[in-house]
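User: I'd like to learn how to read a protein model, one feature at a time. Could you walk me through this one?

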Amino acid sequence: MVSVRFLFLILALWCLLFTFSEAREILVGGKENSWTIPPSANFFNMWAEKIRFRKGDFLLWKYDGKTDSVLEVTKEHYDNCKTSKPIKEYKDGDTKIELSRSGPHYFISGAKEHCQKGQKVLVVVLPEKHKSPDGGKPPASAPAPSPDPNSAAYGSRVGFVSAIITLVGLGYAFF
């Protein structure tokens, strides 16, 4: 007969493995300082098409904040490289944006002439129920940086794992 402790352990492990999904940090263009005028007009969109973006992922931009910026815009502004009245504007040179909803997200350079030369990207976030064959991992050419042990996201993951381990330990103590 299966013991209650064993069932509790299996339940805790199942929760850990199947309900915990880790947000990724994805560097736009695949490397630092790639948010510049690209070598081809479709460079950023070809890069983005290779990645399965999920809700909760973060896009990272590394660029010279003195000469450029990142604008989150509507489709119309994206299509026409219209830099006035963006949804959001980022100028810090080290921009981190969470993809908080599924669907298309449009980003352009704040320098209109850069956008007209292809410095813009369309990122499509998959619906939560979508299961990609590659598990949603970025391709080898666009690795996500390792989590920073000092970041809040890293701490919440460690805290979650610690909580599961504590629950398993308590399960053994009380059963």
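Analyst: We'll go through the elements, the sheets, one buried residue and some salt bridges. This is a predicted model, where local features need pLDDT of at least 70, side-chain atom pairs count only at pLDDT 80 or more, and totals for chains, interfaces and linings use all residues. Residues are numbered from 1 along each chain as its sequence is written, and side-chain values use heavy atoms, with hydrogens and water left out.

User: How many helices and strands does the protein chain have?

Analyst: Helices (H or I, at least four residues) and strands (E, at least two) are DSSP runs, numbered from the N terminus. Here you get 5 helices and 8 strands. Reading from the N terminus, the order is α-β-α-β-β-β-α-β-β-β-α-β-α.

User: Which strands form an open sheet with mixed pairing?

Analyst: Strands of a sheet pair through backbone hydrogen bonds, either parallel or antiparallel. Two strands count as paired if DSSP finds at least two bridges between them. One open sheet has 5 strands in the order E2-E8-E7-E4-E5, with mixed pairing. Strand E2 (53-54) and E5 are at its edges with a single partner strand each, so one side of each has no neighbour in the sheet. There's also an open, mixed sheet of 3 strands, ordered E1-E3-E6. Its edges are strand E1 (25-27) and strand E6 (94-98).

User: What are the bridge partners in the 5-strand sheet?

Analyst: Take E4 (residues 70-73). With E5 (residues 88-90), E4 pairs antiparallel over 3 bridges, and valine 70 has tyrosine 90 as its bridge partner. With E7 (residues 103-109), E4 is also antiparallel, over 4 bridges, and there leucine 71 is matched with isoleucine 108. E2 and E8 (residues 120-126), by contrast, pair in the parallel sense over 2 bridges, with arginine 54 partnered by leucine 126.

User: Are the faces of E4 covered or open?

Analyst: Buried means under 20% relative accessible area, exposed over 50%, and partly exposed in between (1.4 Å probe, protein chains only). Both faces of E4 are covered: Val70 and Glu72 are buried on one side, Leu71 and Val73 on the other. Across the 175 residues of the chain, 35% count as buried.

User: Which residues does valine 28 touch?

Analyst: A contact means heavy atoms within 4.5 Å. Leaving out residues up to four places away in sequence, valine 28 touches Ser34, Trp35, Phe44, Trp47, Leu59, Leu60 and Trp61. Valine 28 is in the loop between E1 and helix H2 (43-49), and counts as buried at 2% relative accessibility.

User: How many salt bridges does the structure hold, and which residues does one of them join?

Analyst: Side chains of opposite charge can pair when their charged atoms come close. The cut-off used is a side-chain nitrogen of Lys or Arg within 4 Å of a carboxyl oxygen of Asp or Glu. The structure holds 5, including arginine 24 with aspartate 57, whose closest N and O atoms are 2.4 Å apart. Arginine 24 sits in the loop between helix H1 (4-18) and E1, and aspartate 57 in the loop between E2 and E3, so the pair ties together parts 33 residues apart in sequence. Both arginine 24 and aspartate 57 are buried.

User: Where do glutamate 25 and lysine 96 lie?

Analyst: Glutamate 25 is in strand E1 and lysine 96 in strand E6, 71 residues apart. Their side chains meet in a salt bridge (2.7 Å, N to O). Glutamate 25 is buried at 19% relative accessibility, whereas lysine 96 is partly exposed at 40%.
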